[in-house]
Amino acid sequence: MKSSKAAHAPATDALLLDNQMCFALYSTSLTMSKVYQPLLKKLGVTYSQYVVLMALWERDGVTVSELGDKVYLDSGTLTPLLKRLELLGLVRRRRAEEDERRVLVSLTPKGRELKTKANEVADKLACTVQCSPKEVKLLTRRLQEMRAILVKSIAK
């Protein structure tokens, strides 16, 4: 069986995996999750649960829809995650009195207490990435700007 020249042709620079911003973001995100894993294990939560808790520490008592918008998760992903957090005793879900179609999510006292322990996670991660607080802030801001641009491009 003959192999085609195309199968063995060198990749152009534009198609080299290490030149892809999307792959750099993807692989960094996977690696970041691995770094978070042992830190979050001490808190008893997964990374996704941690993200939801951080959003609730910022603003408690929000609807599932508002929470999903904040953390970029759809209700099909968010609802089971909230059920697990509820089983852990960290959040409470209840129907809104004025509109029973809306479900409100609130931290429990145990969920609010976890915030103090979570500060250690942020501190340890800052040491791990070896960036100054200023560098972290700049990089985070730029990634947020990129995300906003990408979100707009999807909406077109």
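How many of the residues of strand 3 are buried? In this predicted model, local features are described only where pLDDT is at least 70, side-chain atom pairs count only at pLDDT 80 or more, and totals for chains, interfaces and linings use all residues. Residues are numbered from 1 along each chain as its sequence is written, and side-chain values use heavy atoms, with hydrogens and water left out.

Strand 3 is mostly covered, with 5 of its 5 residues buried, where buried means under 20% relative accessible area, exposed means over 50%, and partly exposed lies in between (1.4 Å probe, protein chains only). Strands here are DSSP runs of E with at least two residues, and helices are runs of H or I with at least four residues, each kind numbered from the N terminus. The cover of strand 3 extends to both of its faces, since Val103, Val105 and Leu107 on one side and Leu104 and Ser106 on the other are all buried.

The sheet around this strand is open and consists of 3 strands in the order 1-3-2, with antiparallel pairing. Strand 1 (62–63) and strand 2 (91–95) stand at the edges with a single partner strand each, so one side of each is left without a neighbour in the sheet. In general, strands of a sheet pair through backbone hydrogen bonds, either parallel or antiparallel; two strands are counted as paired if DSSP finds at least two bridges between them. Strand 1 pairs with strand 3 (residues 103–107) in the antiparallel sense over 2 bridges, and within this pairing Val62 stands opposite Val105. Strand 2 and strand 3, which also run antiparallel, are joined by 5 bridges, and here Val91 stands opposite Leu107.

Helix 3 offers a check on geometry as well as a view of burial. At 1.5 Å a residue, the 12 residues of this helix (residues 47–58) should span 16 Å, and the end C-alpha atoms, 17 Å apart, agree with that value; the expected span is 1.5 Å times one less than the number of residues. Buried residues of helix 3 include Gln49, Tyr50, Val51, Val52, Leu53, Ala55, Leu56 and Trp57.

Val45 is found in the loop between helix 2 and helix 3, and at 7% relative accessibility Val45 counts as buried. Leaving aside neighbours within four places in sequence, Val45 is in contact (heavy atoms within 4.5 Å) with Leu40, Tyr50, Leu53, Leu85, Leu88, Leu90 and Leu114. One of these partners, Leu90, is 45 residues from Val45 in sequence, while the two C-alpha atoms are 10.0 Å apart in space.

Turning to the surface, Met21, Leu25, Leu139 and Leu143 make a nonpolar patch of about 360 Å². Patches are made of residues with over 30% relative accessible area and no salt bridge, like charges being joined within 9 Å and nonpolar side chains (Val, Leu, Ile, Met, Phe, Trp, Tyr) within 5 Å; the areas come from the Shrake-Rupley method with a 1.4 Å probe, and for residues only the protein chains shown count as cover. Helix 2 (21–41) and helix 7 each supply at least two residues of the patch. Leu25, placed in helix 2, is partly exposed, with a relative accessible area of 38%.

The structure also holds 7 salt bridges, each defined as a side-chain nitrogen of Lys or Arg within 4 Å of a carboxyl oxygen of Asp or Glu. Among them, Glu86 and Arg93 have their closest N and O atoms 2.9 Å apart, with Glu86 partly exposed at 28% relative accessibility and Arg93 partly exposed at 27%. Arg59 forms a salt bridge with Glu66 at a closest N and O distance of 3.8 Å, and Glu66 is partly exposed, with a relative accessible area of 35%. The side chains of Glu98 and Arg102 meet at 3.7 Å, N to O; Glu98 is exposed at 63%, whereas Arg102 is partly exposed at 37%.

Two loop residues deserve a look at their backbone angles. Tyr72, in the loop between helix 4 (64–71) and helix 5 (75–87), has a positive phi of about 60° although it is not a glycine, and this residue is exposed, with a relative accessible area of 51%. Gln130, in the loop between helix 6 (109–129) and helix 7 (133–155), likewise has a positive phi, of about 55°, without being a glycine, and Gln130 is exposed at 71%.
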